[in-house]
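Me: I am new to this structure. Please take a close look at a single part of the backbone, and then work outward from there to the rest.

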Amino acid sequence: MRILYTNGGATPIRDLAIEKLKAAGHEVVFFNLVETEDDISKHTTKHFQMYQRILDYADNGNFDILYWATIISVPEYLLFELKARPNFKPKIIFNMFLRGLDRSLARCIALKELIDMPQVIKAVSSAMIVKDLKLPENFLKAGVNLEKLRIVSEPWTYEVEDLTVLDNPEYVEHSRAYFGFEPGETVVLLSGTWAYIKGVDIFVEALKYLSQDMLVVIHKHNYGLDRTLDVNLLDKAVHNHPNIRILDKWYSAQVHPLLFRAADIVVCAHRRSYTYGGSGVPALASRAKRLIVAPDFYFFNEIIKRYKIGVTYEPENPLSMARAIEHLERYYSAYEEEAKFEEVYADYQESSDIPAMVMREL
Amino acid sequence: MKILFFTFFPEVLTQEPTRQLDALKSLGHEVIVYNIHKDKSEEQRFKTRHFQMYASLLDYANEISADVLYLHDYLNVPEYLLFDLKSRPNFRSKIVFTMMLREVNRSSARALAIKELLDLPQVARVAVYSMVKDFPYPERMRILGTNFSKIVNIGEPYNENPNSMVSKKIARINLGLGRDFTILWSGRWIYSKGADIFVEAAKHIGEEFKLLVHVNPEGMDLDRKILSVIKKNHSNTQIIEHHFSSGEMKYLYCASDIVVCSHRRNYEYSQSGIPGMAALAKVPIVAPNFCYFSEIVNRYKVGTLYTPESPLELAKAINHTIDYYYDIVENAQFEKSLESYCHFEDIPKLALEGLKI
């Protein structure tokens, strides 16, 4: 089939996904959503015309499939672009989030209308739990056509081979020394995009209540900065917890997993708005055999309940988060013994496999 | 009526809307202000255009049993409001919102979303700012069967008091300008307003004419280097980079002989305060040939039109206006052209007039 494949920016995973589609016999044309300054501006400001250009291109290029591999951030816009083009020929497969749907019937109704459009043949969403997944109630209430929905396992952002560093005893043994952590020191790690939705400010507030004996490590990704956050947040973190290490750098796919291994407790500080959101943290922590502290909402609470890989706390409550970290530290060995780390990541898959897999199922 | 008044601009909460709120209250309404900046999460949703941006607002309108939910700012994501209303079939408050037609003009998808929104029974009134009365709607709105009976033209708001205009002499003394024939470009130095087009056009304007370039320092999205390019292209250029309060803008217009609008095509069916200010100062404009600029120039002969986005055509139009200046000024119906204009404090009254709840 002739596929117009699109997502924002260039990533090795995207290239690999295209290779796998080609290997399956498809003709693939890549369309970069953020090729020009104007595209980037429209993309980042969620401008309503950002869908216009690609649909024009898809319609004029004699494509069978428009594969929208990046998450559709505003399905309402795609819906109206399609409504405005009753003769649009290519069939559409798009990626979507379940995140936030539990709190918005409005979005679920929009998704229902979009998925009902004849051009849409598959809506793909990942989930940290696939077996016995409980879909958001609003999703069901809106009457979404579940036959067009394909839930895939949460994708690794790494190639699986990269993670084999965690099977190398030599690397694992020296991981703490590599990052400069003292033996016997409890290391609490927060790693990821510095964003409001990920609750980094909640974590900073929680540091006030944490014992100074623990070393807090903040690994802040240098991409995806959320400019609405307080610019002095890192200073506040240092003020709230002087025993802290800030790692403001990018780590390669071979080194990043070792950071997880070098830590003892990995924290997920996500806000409630992350309910039903996917995260690579539980899987990566489990792969590194490390316990997590995460907010008490779906999927985090479910994955912790099923696989006993840590403890939950009341979402958006810094004191509750700090208490959970201290509780986990105190009973670490007991939790470690119970944890079913292997079962967590057994379900994860390489994200570059997903498009070819979805196409195979059509 | 109990009116829930909504705005998301924090600075606006302490400026114009105060007058609008007073105006609403003076009509005998009970007015409650919904301020998103009181709640960080709520503020975040609006800043990032999160899909739940209207959810709390509608919840609150329901909670206080508001008769009217009045959205003071342009509705920037009508699709979200549409689906939030679809998810609330029993939502009781009637909605009055303001919007611009320029987005509808550029996208059938957006026009369709607006049509569906207007078809909802909860949407009572849409107030559109425009520079001309009885304005032509973008064609695609007609094709889609938009319910025009819910749309009201409230005109173009301005702050200036027509009686406060000053003489050219006083205005020039105030700005430190001499006697040169003066061509004004004023506003935010941004791509959509075509500041770069004007900079290019400057090459083709005689050096005996002064270019008075006012740069509103807020929200500049063009490279600052362009400010030195204009001086290179036209040495008789004076740049004033300053945020003028609404009462001070009159000096710029009254000091000038021509006012230039270099807006790009994506400004079609948009609003601009420039023709109104120029008319108050009785100064002709040079403007791109698309709606509403074309409507206002063709109807009231207040200036010269040119092919949009062409620096050469813009320069030709400026030179034409200079050559036929006295004929153009004599024929211009400046005062009549102001018939579509209104004061800020009149907006709520006009938006709610005749509304039956």
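Reply: A residue is called buried if 20 or more other C-beta atoms lie within 10 Å of its own, exposed if 12 or fewer, and partly exposed in between. By that rule A:Asn62 counts as exposed, because it has 10 C-beta neighbours inside 10 Å. The model is a predicted one, and A:Asn62 sits in the loop between α3 (50-60) and β3 (65-71) of chain A. Its phi is positive, about 55°, although A:Asn62 is not a glycine. Most residues other than glycine have a negative phi, and most peptide bonds are trans.

Chain B offers two points to set beside this one. B:Lys282 lies in the loop between α12 (274-280) and β11 of chain B, and its phi is near 60°, again a positive value in a residue other than glycine. B:Lys282 counts as partly exposed, because it has 15 C-beta neighbours inside 10 Å. B:Ser65 comes just after α3(B) and takes a positive phi of about 50°.

Cis peptide bonds occur in both chains. In chain A the bond from A:Tyr298 to A:Phe299 is cis, with omega near 0°; A:Phe299 belongs to the loop between β12 (291-295) and α12 (300-307) of chain A. In chain B the bond from B:Cys291 to B:Tyr292 is cis, with omega near 0°, and B:Tyr292 is found in the loop between β11 (285-288) and α13 (293-300) of chain B.

Now for the chain that holds A:Asn62. Chain A contains 16 helices and 14 strands. Its C-alpha trace spans about 65 × 40 × 40 Å along the principal axes. The radius of gyration of chain A is 21 Å, which agrees with the value near 21 Å for a compact globule of 362 residues. Of those 362 residues, 46% count as buried. If contacts in chain A are limited to residues at least 6 apart in sequence, 81% of them join residues at least 24 apart.

The domain assignment splits chain A into domain 1 (2-154 + 350-361) and domain 2 (160-346). The C-alpha centres of these two domains of chain A lie 30 Å apart. Across the boundary, 14 residues of domain 1 of chain A are in contact with 14 residues of domain 2 of chain A. On the domain 1 side, the touching residues divide into seven nonpolar, two polar and five charged.

Chain B is also divided in two, with domain 1 (2-158 + 342-352) and domain 2 (162-323). The C-alpha centres of the two domains of chain B are separated by 31 Å. Their contact takes 14 residues from domain 1 of chain B and 16 residues from domain 2 of chain B. The elements giving two or more residues to the domain 1 side are α5 and β6 (151-158) of chain B, and α5(B) gives the most, with three residues. That side divides into nine nonpolar, two polar and three charged residues.

Helix α5 (residues 102-106) of chain B includes B:Asn105. Unlike the exposed A:Asn62, B:Asn105 is buried, because 22 other C-beta atoms lie within 10 Å. Leaving aside neighbours within four places in sequence, B:Asn105 is in contact with B:Pro138, B:Glu268 and B:Tyr269.

Helix α3 (residues 55-63) of chain B, the one just before B:Ser65, has B:Ala55, B:Leu57, B:Leu58 and B:Ala61 as its buried residues. They cover an arc of only 165° around the axis, so they are on the same side of α3(B). An α-helix has 3.6 residues a turn, so residues three or four places apart point the same way. The buried residues of α3(B) pack against β1 (2-7), β2 (30-35), β3 (68-74) and α4 of chain B, and also against α5 (105-116) of chain A.

That last partner leads to the contact between the chains. The contact takes 20 residues from chain A and 19 residues from chain B. On the chain B side, the elements that give two or more residues are α2 (40-47), α4 (78-86) and α6 (108-119) of chain B. The residues on that side divide into seven nonpolar, five polar and seven charged.

As to confidence, the predictor gives the complex an ipTM of 0.84 and a pTM of 0.85. Chain B has a mean pLDDT of 90, with 98% of its residues reaching 70 or more.

Definitions and conventions
Residues numbered from 1 in each chain as written. Chains lettered and ligands numbered in written order. Predicted model: local features only at pLDDT ≥ 70, side-chain atom pairs only at ≥ 80, totals over all residues. Helix = DSSP H or I, 4+ residues; strand = E, 2+ residues; numbered from the N terminus. Rg over C-alpha atoms; globule rule 2.2 N^0.38 Å. Contact = placed C-beta atoms within 7 Å. Nonpolar A, V, L, I, M, F, W, Y, C, P; charged D, E, K, R; others polar. Domains from an automatic or database assignment. pLDDT = per-residue confidence, 0-100. Arc of directions from axis to C-beta.
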